[in-house]
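Reader: Could you take a close look at one part of this model for me, starting with a charged spot on the outside? I'd then like to follow the charges from there to the rest of the structure.

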Amino acid sequence: METPLGILQRYWGYDSFRPMQEEVVGDALRGDDVLAILPTGGGKSICFQVPAMLRPGIALVVTPLIALMKDQVRNLRDRGIKALAVHAGMSGEEVDLSLNNAAFGDFKFLYLSPERLKTRVFRNYLDAMDISYIVVDEAHCISQWGYDFRPDYLDIGLLREKVDAPVIALTATATPRVAEDIMEKLRFRKPLMRIAGFERPNLSYIVRNTEDKNTRLMQVVSNLPGSGIVYVRSRARAEELSAFLRSQGENASFYHAGLGNAERTARQDRWKRDEIRVMVCTNAFGMGIDKPEVRFVVHYDLPESPEAYFQEAGRAGRDGKESFAILLWNDTDLRRLSQFQAVSYPDTEFLEDLYQKVHIFHGIPYEQGEFRQIKFDLTEFCRHYNLQSNTVYSGLRALEREGHWTYSEDVEIRTRVRILIERNALYRTDLEEPSMETVLETLMRSYTGLFSATVPIDEDYVASRSGLSIPQLRQVLYRLSVNHIIRYIPEDRASVLFLAHSRLYPGNVRISKERYGLLRDASAERSDTMKEYVMETETCRSRFLLKYFGQAESAPCGKCDICRTPSEGKDLEKRIKAFLKGKSSYSLGEVEERFGLPGSPDERLWKDVLRKLIDREEVPPYTL
């Protein structure tokens, strides 16, 4: 019999497990339900992939991250492991085929987005599946106390009534309250939690209060070695800041969900190969990225929660070498965070009205629409009803938390083709050029149902088999459609609403005001914690975060801006005196330029030291 280590070596090429991986694998192989809390980069996927390879049947992996789902399926296939995925953006035929393969093929992994658990087609295949494990990725999403609660996750607990398989739940961030809630909602037979520890001894947490963030960012980027990530809150900011860095001579690019899939993949790969040094991005960037040598992560905007901050900052220094997590903030960030809370939880009357408007906008009558997947254009919807996009977006998410639908942004919708001419007549049709015949033959040999339905196709595969480039293939498909030989629907990207049930009559839209209020209060608490984190001037940054995540006892890290302040204060006096020696006049800007570099004391410290030296007449006053 193969051992867990043997599987690890055979398929992944590693000679040993990372901390806590082996314990979680052992728990799973014994048939225990286990919650694994491992930091970003801790290798959570190994914790379920290794035991699933040692046990008969197929592992059901529930995850909300479509991009990560696709990436893991691709990586497993590259290792010779058969894996499938079912997610938003797939056609009914694709979903049915994948679930059929999961039930009757010899696949080892089925990745599934949570909203699919309640669909009729999944339930029809469920009894035929030999499920080895129920794997719950991003498990904090099942807890209403978590920072990313998703009601669809609650269906996983119901799944246990029909599936007798152990649960492996995984997350990078969970407070004690959230961890207990996860185990309860997933109906653990007995509580079992494995925590790899939240300490990052090689990571220096630095917080800077600054009005001129661009100048401070340039100091960071130009004075720290290696590659880095800069997180921002909006797509526009990502593009603007990337352009600013390039104008200053830095090798930077931007990444957000509005880019096409091919372009996102290309930029991510170039960054991983160090062809791009600094990636300015929204939180769409980072999930599942295996780049251990990131030397710095900068938060240009203040995150809404400690969980999001800790996970994103943790992408620095996964190789164990010295790295920096730098957060820039000012009073504008604090005001924005307060405004964010105000618009994130619109009143319940607005939510019910929004629910009806969405159905009216898409022409869906009462008692219809169950499990329907619709393209949702947020901008057009807001323009039509004269609504604010931020409020509508928050309302969509609030109704998602109440279980009425699932909202997925920027889903890739594949090219679709249907042959409009009867098969026998097609062979008698004169085609304008040989490439048309080649493409049609490739389509008919590769896909079934083309004469009766619009079928999704893989453009890369069809182009390769036809001896064409992608642009050439698209031109041929377009010309075939112009000649009314095929129906051609080009690939697209769109936000998608997956409706959980048929349209309800007014007054029947379920919104739990009590739970909604609790969620609003919990969100406000997380925002307040972030404000406290940046404004706190006495507690070690690492200890502050560890305490939030339930680790009450910890030693000062000795590396953050707070820990370094006392020893640096004495040394700074000497350095400032030496810098100003012999100068009869100088500006405050000169001192800031010299002592405001990344890793140096923050503005509060060097200004305090300079003021004391001036008061003691050890240095002359600065000129205004």
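**A charged patch and beyond**

Author: Happy to. Asp-331 counts as partly exposed because its relative accessibility is 44% (buried means under 20% relative accessible area, exposed over 50% and partly exposed in between, with a 1.4 Å probe and protein chains only). The model is predicted, so local features need pLDDT of at least 70 and side-chain atom pairs count only at pLDDT 80 or more, while totals for chains, interfaces and linings use all residues. Residues are numbered from 1 along each chain as its sequence is written, and side-chain values use heavy atoms, with hydrogens and water left out.

Asp-331 sits in helix α13, which covers residues 331–344 (helices, H or I of at least four residues, and strands, E of at least two, are DSSP runs numbered from the N terminus). On the surface, Asp-331 joins Glu-211, Asp-212, Glu-592 and Glu-593 in a patch of negative charge. Patches are made of residues with over 30% relative accessible area and no salt bridge, with like charges joined within 9 Å and nonpolar side chains (Val, Leu, Ile, Met, Phe, Trp, Tyr) within 5 Å. Accessible areas come from the Shrake-Rupley method with a 1.4 Å probe, and for residues only the protein chains shown count as cover. Lys and Arg count as positive and Asp and Glu as negative, with His and the chain ends not counted. The place of a charge is NZ of Lys, CZ of Arg, CG of Asp or CD of Glu.

Now for a charge on the inside. Glu-312 belongs to helix α12, residues 306–313. Glu-312 is buried but has no salt bridge, and its nearest side chain of opposite charge, Arg-315, is 5.0 Å away. A salt bridge needs a side-chain nitrogen of Lys or Arg within 4 Å of a carboxyl oxygen of Asp or Glu. Apart from neighbours within four places in sequence, Glu-312 touches Tyr-231, Asn-283, Val-297 and His-299 (contact means heavy atoms within 4.5 Å).

Other charges do find partners. Side chains of opposite charge can pair when their charged atoms come close. The structure has 36 salt bridges. One of them joins Lys-82 and Asp-106, whose closest N and O atoms are 2.5 Å apart. That pair links distant parts of the chain, 24 residues apart: Lys-82 is in the loop between α4 (66–78) and β3 (83–86), and Asp-106 in the loop between α5 (92–104) and β4 (109–112). Lys-82 is partly exposed at 36% relative accessible area, and Asp-106 is exposed at 54%.

Asp-274 deserves a stop of its own. Its phi is positive, about 65°, although Asp-274 is not a glycine. Most residues other than glycine have a negative phi. The residue lies in the loop between α11 (261–272) and β11 (278–281). Asp-274 forms a salt bridge with Lys-291, with 2.7 Å between the closest N and O atoms. Because Asp-274 is in the loop between α11 and β11 and Lys-291 in the loop between β11 and β12 (294–299), the pair ties together parts 17 residues apart in sequence. The two ends are covered to unlike degrees: Asp-274 is partly exposed at 46% relative accessible area, whereas Lys-291 counts as buried at 2% relative accessibility.

Elsewhere, salt bridges with shared partners connect Asp-27, Arg-30, Asp-32 and Arg-194 into one network. Within that network, the side chains of Asp-32 and Arg-30 meet at 3.7 Å, N to O. Here Asp-32 counts as buried at 17% relative accessibility, while Arg-30 counts as exposed at 57%.

Back to the backbone for a moment. Phe-371 also has a positive phi of about 65° without being a glycine. The loop between α14 (348–361) and β14 (373–375) holds Phe-371, which counts as buried because its relative accessibility is 18%.

One last stop, away from the charges, is Ala-398 in helix α16, residues 389–401. Ala-398 is buried, with 1% relative accessible area. Its contacts, leaving aside neighbours within four places in sequence, are Leu-351 and Tyr-516. Ala-398 and Tyr-345 are 53 residues apart along the chain, and their C-alpha atoms are separated by 7.3 Å.
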